[in-house]
Amino acid sequence: MAAVAVAGAATAQVSVTGALGFGWEGVSPAVGGSTTGIKVTDGNVKFSASEDLGGGMSVLTAMDIQSRGRDTTIAGRDASITLVTGFGGFTLGAVEAGNGILGLGGAGAPVIGLDGNTAGTGSGVLDGGVNVNIAKYSLPLGNGIGISVARTDAANALKGTNAGNTYGATYSMDPISAAFDYTDAALAKRTRVSGSYDLGVVKLGAGYQTRKFTGATSTNKQTVLGVSAPYGAFTFGLNYSTNKQSTANISNKGTDVGVSYALSKRTNVYAQMQSVTIGTGDASKTTRVKMVTSF
């Protein structure tokens with residue numbers, strides 16, 4: 001039995017990674033008084049494991065746990081298991097389906113992030129993440145091209161009210177990365193396209209999304225433009241986003257500016273400033289200085 005246990009362990013590769021960040025933040029909302037203080041900005045531990053099944057097959061497992069210091073909730077984040085075969089990968093997971101255009105469209109700028117919007121209100125401009133259960137099939141076609149199809153259901157609610165299917169395609173070959181997907185869900189249909197171009201001295205990004213709810217007479221449109229530029233240990237970045245829908249009286253916009261300085265390969269210091277305007281109201285502003293280290 002001991003020999004079997006050792007043999008099993010020898011075929012599995014396990015890693016533990018994570019990050020922890022603290023910073024000072026000041027928030028001036030459009031309505032109400034300003035707040036300032038020290039807070040934990042980042043904190044998570046991720047367990048990853050891979051197992052070689054032989055015959056060109058393997059299993060990849062990952063579980064992420066949010067942990068941000070004393071008196072804060074320890075919460076589960078993304079968890080998934082993927083079967084890798086010679087004819088594609090099959091993934092099952094409970095994940096946050098995040099904003100689909102900010103990753104490439106934001107150009108990797110060291111900013112706070114303009115996602116987090118909910119139905120035209122909230123602190124963000126672009127759509128925020130939604131927790132879902134997902135079943136996904138991905139197939140690399142070569143030459144940097146990949147395709148996928150996914151089924152998403154509401155987390156912990158089996159099918160849910162807005163279950164849907166997403167069909168996607170990606171391209172990644174320096175200096176260009178691009179992504180496209182179309183979602184046909186019970187309550188809405190959505191199209192997203194984004195891309196980035198790395199010029200070396202600067203990276204440019206752009207993203208565009210359209211979404212129309214069932215029975216709606218207008219289409220919600222969201223855009224992001226991003227730029228980031230490395231200069232020695234510094235990286236400078238800027239994002240600008242809009243969210244518009246005439247019949248729902250939505251016309252939101254936001255600007256995100258940030259700079260990071262690499263103290264080492266694992267530790268960075270950030271200075272960030274964000275301005276968000278929801279509708280015709282006054283802009284809310286967030287200023288943050290933080291240090292983040294990863295392991």
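Which element gives the largest share of the lining of the second largest pocket? Let's work up to that in the first exercise, keeping in mind that this is a predicted model.

**Exercise 1. Describe the lining of the second largest pocket, element by element and by residue class.**

Step 1: start with the space itself. The second largest pocket has a volume of about 1300 Å³. Its lining is made up of 42 residues, and those closest to the pocket centre are D42, I112, G113, D115 and R288.

Step 2: sort by element. Two or more lining residues come from each of β1 (12-28), β2 (35-54), β4 (75-85), β6 (115-117), β17 (267-277) and β18 (284-294). That brings us back to the opening question: β18 gives the largest share, with seven residues.

Step 3: sort by class. The lining splits into 19 polar, 12 charged and 11 nonpolar residues.

**Exercise 2. R288 is among the residues closest to the centre of that pocket. Find its salt-bridge partner and decide whether the two residues are buried or exposed.**

Step 1: find the partner. R288 bridges to E25, and their closest N and O atoms are 2.6 Å apart.

Step 2: place the pair on the chain. R288 sits in strand β18 and E25 in strand β1, 263 residues apart, so this contact ties distant parts of the chain together.

Step 3: check the accessibility. The cut-off for buried is under 20% relative accessible area. R288 comes out at 13%, so R288 is buried. E25 has 11%, so E25 is buried as well.

Step 4: look for further links. K39 joins E25 and R288 in a network of salt bridges.

**Exercise 3. Look at the salt bridges R151 to D153 and K189 to D184, and give their distances and what is known of their exposure.**

Step 1: get the total. The whole structure holds seven salt bridges.

Step 2: read off the distances. D153 and R151 meet at 3.1 Å, N to O. For K189 and D184, the closest N and O atoms are 2.5 Å apart.

Step 3: classify the residues. Partly exposed covers the range between the 20% and 50% cut-offs. R151, at 31% relative accessibility, is partly exposed. K189 has 43%, which also makes K189 partly exposed, and D184 lands in that class with 32%.

**Exercise 4. F234 pairs with F236 and with Y261; which of these pairs is stacked and which is tilted?**

Step 1: recall the angle rule. Planes under 30 degrees apart count as stacked and those over 60 as edge-to-face, with the rest tilted. By this rule there are four aromatic pairs.

Step 2: take F234 with F236. Their centres are 5.9 Å apart and the planes are at 20 degrees, so the pair is stacked. Both are partly exposed: F234 at 35% and F236 at 41%.

Step 3: take F234 with Y261. Here the centres are 4.7 Å apart and the angle is 55 degrees, so the pair is tilted. F234 belongs to strand β15 (residues 234-245) and Y261 to strand β16 (residues 250-262), and 27 residues separate the two. Y261 is partly exposed, with 35% relative accessibility.

**Exercise 5. Which residues form a ring cluster, and which residue lies over the face of Y270?**

Step 1: follow the ring pairs. They link F87, F90 and Y137 into a cluster.

Step 2: turn to Y270. K290 lies over the face of that ring, at 5.1 Å from the ring centre.

Technical notes
Residues are numbered from 1 along each chain as its sequence is written. This is a predicted model: local features need pLDDT of at least 70, side-chain atom pairs count only at pLDDT 80 or more; totals for chains, interfaces and linings use all residues. Side-chain values use heavy atoms; hydrogens and water are left out. Rings of Phe, Tyr and Trp (its six-membered ring) pair if their centres lie within 6.5 Å; planes under 30 degrees apart count as stacked, over 60 as edge-to-face and the rest as tilted. Buried means under 20% relative accessible area, exposed over 50%, partly exposed in between (1.4 Å probe, protein chains only). Helices (H or I, at least four residues) and strands (E, at least two) are DSSP runs, numbered from the N terminus. A charge sits over a ring if NZ of Lys or CZ of Arg is within 6 Å of the ring centre and within 35 degrees of the ring normal. On a 1 Å grid over the protein atoms alone, a cavity is a set of points where a 1.4 Å probe fits but cannot get out, and a pocket is an open set with protein on both sides within 12 Å along at least five of seven lines; lining residues have an atom within 4 Å of a point. Grid points are joined across faces, edges and corners, and a volume is the space filled by probe spheres set on the points. Ala, Val, Leu, Ile, Met, Phe, Trp, Tyr, Cys and Pro count as nonpolar, Asp, Glu, Lys and Arg as charged, and the others, Gly among them, as polar. A salt bridge is a side-chain nitrogen of Lys or Arg within 4 Å of a carboxyl oxygen of Asp or Glu.
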